[in-house]
Amino acid sequence: QVQLVESGGGLVQAGGSLRLSCAASGRSFSAYTMGWFRQAPGKEREFVAAINWRENTYYADSVKGRFTISRDNAKSVVYLQMNSLKAKDTAVYYCAAAPLGTTVTSTNNYNTWGQGTQVTVSS
């Protein structure tokens, strides 16, 4: 199965932008649905965005219109462009991979996870 590593996290002011990257290693990257999830201290991990092999995209209501997910199958990388960041976006962001044909918004459907990257938004 694929192995994932996130990068691009950091400290940003409210209203600013940040782009996260998730590099995948392994075979058949394009066959996986790729998702971004986030987890704040003391909170459950929540769905943020996902993109499937057809490049259909899905977003949580809390980030719709502000975040954009994309993938580059040739480079085996998935991105999360985050604009108009808010303090409530502060969390550890995780990249994850799921088999085809699964519900993209559920953490239970993802079988491979990266180690996460911290995003902190200051007000």
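**Exercise 1.** Determine how many disulfides a search of the whole structure finds, and which residues are joined.

*Solution.* The search of this predicted model returns one disulfide. Its partners are Cys22 and Cys95, with an S to S distance of 2.1 Å. A pair of cysteine sulfur atoms qualifies when the distance is within 2.5 Å, so the value of 2.1 Å satisfies the cut-off. The two cysteines belong to distant parts of the chain: Cys22 lies in strand β3 (residues 18-25) and Cys95 in strand β9 (residues 91-98), 73 residues apart. The angle about the S-S bond is -80°, and the link of Cys22 and Cys95 is left-handed.

**Exercise 2.** Decide whether Cys22 and Cys95 are buried or exposed.

*Solution.* A residue is buried when its relative accessible area is under 20%. Cys22 has 0% relative accessibility and therefore counts as buried. Cys95 also has a relative accessible area of 0%, so this residue is buried. Over the protein chain, buried residues make up 43% of the 123 residues.

**Exercise 3.** State which secondary structure elements the protein chain contains, and assess its radius of gyration against that of a compact globule.

*Solution.* The chain has eleven strands and zero helices. For 123 residues, a compact globule would have a radius of gyration near 14 Å; the chain has 13 Å, which agrees. Its C-alpha atoms fill a box of roughly 40 × 25 × 25 Å along the principal axes. Among contacts with a separation of 6 or more, 58% come from residues 24 or more positions apart.

How values were computed. Residues are numbered from 1 along each chain as its sequence is written. This is a predicted model: local features need pLDDT of at least 70, side-chain atom pairs count only at pLDDT 80 or more; totals for chains, interfaces and linings use all residues. Side-chain values use heavy atoms; hydrogens and water are left out. Helices (H or I, at least four residues) and strands (E, at least two) are DSSP runs, numbered from the N terminus. The radius of gyration is taken over C-alpha atoms; the globule rule is 2.2 Å times the number of residues to the power 0.38. Buried means under 20% relative accessible area, exposed over 50%, partly exposed in between (1.4 Å probe, protein chains only). Contact means heavy atoms within 4.5 Å.
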